[in-house]
Amino acid sequence: MKENQRRLFLKAITSIPILGGAVLAASALIRYFKPTTVGGVKGLVAPPDEAGSSIQVVAALSELTQPWDFKEFIYIRKSVEYSSRKIQGAKIPGFVVRMPDEFTDPKDPKSKFVVVQRICPHLGCTFNFVKSPEELAGGYNYKPPAPTHPYFACPCHLSVYDPTRKTDVALQGPLPGKVVSGPAPRPPRTMSFDIKDGQILITGTEGGGVG
Ligand code: FES
């Protein structure tokens, strides 16, 4: 009797892994035929480009009335993510700078502003808007020519960008922020914008720029 009980016990123990394997295989099969449908059937058929970034207000014109007034902001770029959350947002820092009249087109109100990502196109550090020529020379190894004005400058490998100068057309250009010093391969990435009801609204941004 005791021997029988021992055999039964051993049989039961050895069948546990087999049963576990069968349950796992069955659940995989069930999930294959009945996948997770977060958001319902509509979520499965939604086109991937449905989730465009929304238009975002980043500054009021009243904050940028004088030449070289500037404002830093964060733009949330949304993109489709192939997961149950479906959409992810990247926080992209940017600058909007009010340009002096000599660099603007009187017929084009948008030409008064330079709007760029703050992410350095070299290796992705966040660059600064530097007004002081002494700081440019001492901190960024760049002696600006006279008459001086502010520059975008990156603290990581000392790339310096001139907001008053544009690149050649060859580089998707003309883009503001010509590289005047350091290793950056191109000007800062641009952001498209509109001016409406006394506000600056970002409508999109060039791809890339988030490390
Ligand atoms: S990351 Fe800006 S210069 Fe290298």
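Helices (H or I, at least four residues) and strands (E, at least two) are here DSSP runs, numbered from the N terminus. With elements assigned in that way, the protein has three helices and 10 strands, and along the sequence they follow the pattern α-α-β-β-β-β-β-α-β-β-β-β-β. The model is a predicted one, in which local features need pLDDT of at least 70 and side-chain atom pairs count only at pLDDT 80 or more, while totals for chains, interfaces and linings use all residues. Residues are numbered from 1 along each chain as its sequence is written, and side-chain values use heavy atoms, with hydrogens and water left out.

**Sheets**

Two strands are taken to pair if DSSP finds at least two bridges between them. Strands of a sheet pair through backbone hydrogen bonds, either parallel or antiparallel. One open sheet consists of three strands in the order β2-β3-β4, with antiparallel pairing. Since β2 (70-80) and β4 stand at its edges with a single partner strand each, one side of each is left without a neighbour in the sheet. Neighbouring strands of this sheet are turned by 30° against each other on average, direction ignored; the axes behind such angles are lines fitted to C-alpha atoms (for helices over the stretch in contact), and angles run from 0 to 180 degrees between N-to-C directions.

A further open sheet, also described by three strands, has the order β1-β10-β9 and antiparallel pairing. Here β1 (56-60) and β9 (191-196) are the edge strands, each with a single partner, so one side of each is left without a neighbour in the sheet. The twist of this sheet averages 35° from one strand to the next.

The strand β7 (160-166) pairs antiparallel with β6 over two bridges and is joined to β8 by four bridges, again antiparallel. Tyr161 of β7 is the bridge partner of Phe152, and Tyr161 also has Val179 in β8 as a bridge partner. Five of the seven residues of β7 are buried (under 20% relative accessible area, against over 50% for exposed and in between for partly exposed, with a 1.4 Å probe and protein chains only), so β7 is largely enclosed by the rest of the structure. For the protein as a whole, buried residues make up 33% of the 211 residues.

The table sets out antiparallel strand pairs with one bridge from each.

| Strand pair | Bridges | One bridge pair |
|---|---|---|
| β1 and β10 (199-205) | four bridges | Gln56 and Ile202 |
| β2 and β3 (87-98) | 11 bridges | Ile74 and Pro93 |
| β6 and β7 | two bridges | Phe152 and Tyr161 |
| β7 and β8 (176-181) | four bridges | Tyr161 and Val179 |

**Turns and loops**

β6 and β7 form a hairpin with six residues between them. Leu158, in the loop between these strands, has a positive phi of about 65° although it is not a glycine, and at 26% relative accessibility Leu158 counts as partly exposed. Asp197, in the loop between β9 and β10, likewise has a positive phi, near 50°, in a residue other than glycine, and is exposed with a relative accessible area of 72%.

At the start of α3 (133-140), a side-chain oxygen of Ser132 reaches to within 3.2 Å of the backbone nitrogen of Glu134, and just after this helix Asn141 takes a positive phi of about 60°. The loop between α3 and β6 holds Lys143, which is exposed with a relative accessible area of 72%; the C-alpha atoms of Lys143 and Pro133, 10 residues apart along the chain, are separated by 6.9 Å. Pro147 is found in that loop as well, and the peptide bond from Ala146 to Pro147 is cis, with omega near -10°.

In the segment after β10 lies Glu206, which counts as buried at 18% relative accessibility. The side chain of Glu206 makes a polar contact with the side chain of Arg186 at 2.6 Å, a polar contact being a pair of N or O atoms within 3.5 Å, where within protein one must be able to donate a hydrogen and the other to accept it, and residues adjacent in sequence count only if both atoms are side-chain atoms.
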